[in-house]
Amino acid sequence: METLGFLMDGFGVALAPHNLMFALLGAFLGTLIGALPGLGPANGVAILIPLAFTLGLAPETAMIMLTSVYAGAMYGGRISSILLNIPGDEPAMMTCLDGYPMAQQGKASEALAISAVASFIGSLVATIGLILLAPLLADFALTFGPAEYFALFLLAFATLGGITGKNPMKTVVAAAIGLMIATVGIDSTGVQRYTFGTLELYEGVDFIIAIVGLFAISELLFFIEEKAGGGKEKMAVNKLTLKWKDIRNILPSSFRGGVLGFIAGVLPGAGASLGSFIGYTLEKKIVGKKGYFGQGDPRGVAGPEAGNNGASSGALVPMLTLGVPGSGTTAVLLALLISLNITPGPLMFTQNADIVWGVIAALLIGNFLLLILNIPLVGIFVKLLSVPPMFLLPVVTMIAFVGIYSISNTVFDLYFMVAFGVAGYIFRKLEIPLVPIILGLLLGPEMEKNLRHAMDISDGDWTILWDSGLAIGLWVFAGLGLILPYIVGPVLRRRMRVTTGTGGPEGD
């Protein structure tokens, strides 16, 4: 009953007219961003973070808008998958298998509508799971001491590669780079580290500058290099003729995909790609020879779409309750919270309950808004695929530069953002993932603080780090997180390539 009371308070926050307006705006912009091949939710949220600062939004409003962008981008990724056979991001890759054949058969509108309904169901199932599980996990996390938190952060780094990661060693290198950047500034003892006498570096590297540079600016450079040739040829969208029996046919697939996606999202390092993959493969095994997967089976659209949208909500569970992001996009959202002087974790449910429950209520409302938006306005989203990047680039660039300048009003930050953008471009060329860099930058200071605290408590005795059963369990899981990508990862990636016929881009 207490949870229900908090949720009602959250609806009071989410239904405030200005919050509802920004939730609608975020859902719309997120769907547009998701429809653009290659951008994905992490880049979309990173690009729009400066907009939140430029508009001077309250913390709860900023989080509601950007989580709506996140949810909308997960919805939008299916548009280019179905119409162009080009996944908007890696989780949408599985949607190509049956969505594109449906479009070739003149059923593009049906495929888009089915994917919207499945996304809605998957997100709804996972949001209910978030409501039920998050308070329990937050209460459990209150038993953590500094040693347990240190082991938890280590677990987060150990599972960064995930079982679908392309190169675990490059993930480790990226995390090490992020931890190195996190040491810049004045530490807790007053010692300057790597500031080189530059006043702007005394307080360390700003998370938002690093994120906008690494994601948004590097993406602009890739647009200039690869996509400057104009818009994509789009497939015609037929008149929608979806019937109730068609929706009824995909309901079991959508519910199963939502549950599987939620579980995948809660697991650190797994994420929406795994949710989408297991959602598809399970449906293929359950239906068996009765289906026609790969030839335009609607259940082959519903399963993965419910899976990847369920995982996106599930990934919020570890971020809100433990302060450990469950996906690349939640790592970006974690940076936003920290920059707003809000500490994610179990205490957030008491100290910032209005933000937590406002965001959760907004997710529920956003699911209905996205369903309403995605079916009648799909023609508008489709037309975006034909807009040449030469018209989109100036808008994205303006948002990034104005937003970053509005945070500190210093030109130094703009140069710093561009430097991170160039570095991000180089890292991506070398196939070094960007999310571990951000996570190292975000979690590094807290990891160091908890290590110092543990050492102070034990008077320098290192055995305190594995002195409790909980800490030992976290260390064991961290070890498994380092080993499993080398064992399970290649097998799963091989199966995904066999199933989809492509390796796909970097995930969310």
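The following paragraphs lead from the overall make-up of the chain to its aromatic pairs and then to one residue in helix H8.

The model is predicted. Its single-chain description begins with secondary structure, which comes to 21 helices and two strands. Of the 508 residues in the chain, 57% are buried. The accessible surface of the chain amounts to about 20,500 Å², and carbon and sulfur atoms contribute 67% of that area. Contacts can also be sorted by distance along the sequence: among those in the chain with a separation of 6 or more, 79% are between residues 24 or more positions apart.

The aromatic side chains offer a more detailed view. Ten aromatic pairs are present in the structure. One of them is formed by Phe-6 and Trp-357, whose rings are stacked, with 6.1 Å centre to centre and 10° between the planes. Phe-6 belongs to helix H1 (residues 2-14) and Trp-357 to helix H16 (residues 353-374), so this pair ties together parts of the chain that are 351 residues apart in sequence. The two partners can also be described by their accessibility. Phe-6 has a relative accessibility of 29% and therefore counts as partly exposed, a class that lies between the limits of 20% and 50%. Trp-357, in contrast, is buried, with a relative accessible area of 2%.

A further pair brings together Phe-140 and Phe-144, and here the arrangement is edge-to-face: the centres are 5.6 Å apart and the planes stand at 85°. In this pair, Phe-140 is partly exposed at a relative accessible area of 41%. Its partner Phe-144 has 12% relative accessibility and so counts as buried, since the cut-off for that class is under 20%. Both residues are part of a cluster in which ring pairs link Phe-140, Phe-144, Tyr-149 and Phe-153.

The last stop is Ala-174, which lies in helix H8 (residues 168-182). This residue is buried, its relative accessible area being 0%. Which residues does Ala-174 touch, not counting those up to four places away in sequence? They are Ile-432, Pro-433, Pro-436 and Ile-437. A C-alpha distance concerns the pair Ala-174 and Gly-440: these residues are 266 residues apart along the chain, and their C-alpha atoms are separated by 8.1 Å.

Key: Residues numbered from 1 in each chain as written. Predicted model: local features only at pLDDT ≥ 70, side-chain atom pairs only at ≥ 80, totals over all residues. Heavy atoms only, no water. Helix = DSSP H or I, 4+ residues; strand = E, 2+ residues; numbered from the N terminus. Buried < 20%, exposed > 50% of the residue type's maximum accessible area, 1.4 Å probe, protein only. Contact = heavy atoms within 4.5 Å. Areas by Shrake-Rupley, 256 points an atom, 1.4 Å probe, with all protein chains shown as cover. Phe/Tyr/Trp six-rings, centres within 6.5 Å; stacked < 30°, edge-to-face > 60°.
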